[in-house]
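Biologist: Could you take me through one part of this model in detail? Keep it chatty, but spell out your cut-offs.

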Amino acid sequence: MSSSCCSSGAEGGERRKWRRLHGLQPPLHPQQVVGWVALFVFGVASFCVLVPSCASVLRAPLSAILAALFVLHVVAHLAALLLDPADPELRRLGPASSAVPEFDRSRHAHVIENGRCHLCNIETSSPRTKHCSVCNKCVGRFDHHCKWLNHCVGGRNYAAFLVCVVSAVCACTVILGICVSELVLLHIDTTRLDPDWLPQRPTTLPPQIFLIVVSLVGALAGVAAALLLHLCLFHIYISVLGITT
């Protein structure tokens, strides 16, 4: 997996003096903000441009399908970034343990040694617990640190992360299908670009602007669907192998 999308949370790197409890804690990551903007753009384009441009018989089912996928994605996204995947022993200590000391490499070679984390000051609950250098905490069944969530993905929020990815793949695929269909129809019947055609639909975009919007949204949806599908298949593959990222 590309290091630009996720990081392993390996020991080392710049360490903060506090522990991230959830993905909404500042500072927000630029990729996290980009993801929110993309979600907003897809939502506006879908319900204000794409669905209204479809045949009347398709508008209601497409609206229902996209609305369900968007709601599912938002709920899963919030669950993934708000659920704290920290090791159970660390969560037991509560927020009071959010202050983290500096790691003394002169005394210890690794953050976690013999099942004990020298930064979180806990006995880890599992050999699969890792200390994330970005969130500065031990994460149970650590998988990766996700920059899009600005938070770690571990055993506690892994299911929500997968639902978030799968719902995004499905939504992007539906949006891409609508865009491709519109472009094919416009190519077959050029009269659909006539100014007298679009006003018959509930959209106020000029024909040429409509064509540009559909093309750009379709291209963005295609790229997003391809990348997210690759990520989804990768996680299915490693789940079958019984390993983590």
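The part to look at below is the contact of α4 with α5, and then its surroundings.

Modeller: Sure, ground rules first. This is a predicted model, so local features need pLDDT of at least 70 and side-chain atom pairs count only at pLDDT 80 or more, while totals for chains, interfaces and linings use all residues. Residues are numbered from 1 along each chain as its sequence is written, and side-chain values use heavy atoms, with hydrogens and water left out.

Now the helix pair. Helix α4 spans residues 158-188 and helix α5 spans residues 207-241; helices (H or I, at least four residues) and strands (E, at least two) are DSSP runs numbered from the N terminus. The two axes come within 7 Å and cross at roughly 145 degrees. Those axes are lines fitted to C-alpha atoms, for helices over the stretch in contact, and the angles run from 0 to 180 degrees between N-to-C directions. The crossing is left-handed, meaning the near helix is turned anticlockwise from the far one by less than a right angle. The residues of this contact divide into 25 nonpolar, six polar and one charged. Nonpolar here is Ala, Val, Leu, Ile, Met, Phe, Trp, Tyr, Cys and Pro, charged is Asp, Glu, Lys and Arg, and the others, Gly among them, are polar.

Zoom in on Leu-176, which is found in helix α4. Leaving aside residues up to four places away in sequence, Leu-176 touches Gly-218, Ala-221 and Gly-222, where contact means heavy atoms within 4.5 Å. Leu-176 and Gly-218 are 42 residues apart along the chain, yet their C-alpha atoms are separated by 5.1 Å. Leu-176 is partly exposed, at a relative accessible area of 27%; buried means under 20%, exposed over 50%, and partly exposed in between, with a 1.4 Å probe and protein chains only.

For the wider setting, the protein comes to five helices and eight strands, in the pattern β-α-α-α-β-β-β-β-β-β-β-α-α along the sequence. Of its 245 residues, 40% count as buried. Among contacts with a separation of 6 or more, residues 24 or more positions apart account for 66%.

Leu-24, in the loop between β1 (6-7) and α1 (30-53), gives another such link along the chain: its C-alpha atom and that of Leu-81, 57 residues apart, are separated by 7.2 Å. Leu-24 also touches Gln-32, Trp-36 and Leu-82, again not counting residues up to four places away. Like Leu-176, Leu-24 is partly exposed, here with a relative accessible area of 36%.

A few backbone oddities are worth a click. Most residues other than glycine have a negative phi, and most peptide bonds are trans. Pro-26 and Pro-27, however, are joined by a cis peptide bond, with omega about 0 degrees. Asn-114, in the loop between β2 and β3, has phi near 55 degrees and is exposed at 84% relative accessibility. Asn-136, in the loop between β5 (130-132) and β6 (137-139), has phi near 60 degrees, but is buried at 1%.

The Asn-114 loop also takes us to an open sheet of three strands, ordered β2-β3-β4 with antiparallel pairing; two strands pair if DSSP finds at least two bridges between them. Strands β2 (112-113) and β4 (122-123) are the edges, each pairing on one side only. Two bridges join β3 (residues 116-117) to β4, and Cys-117 stands opposite Ile-122 in β4.
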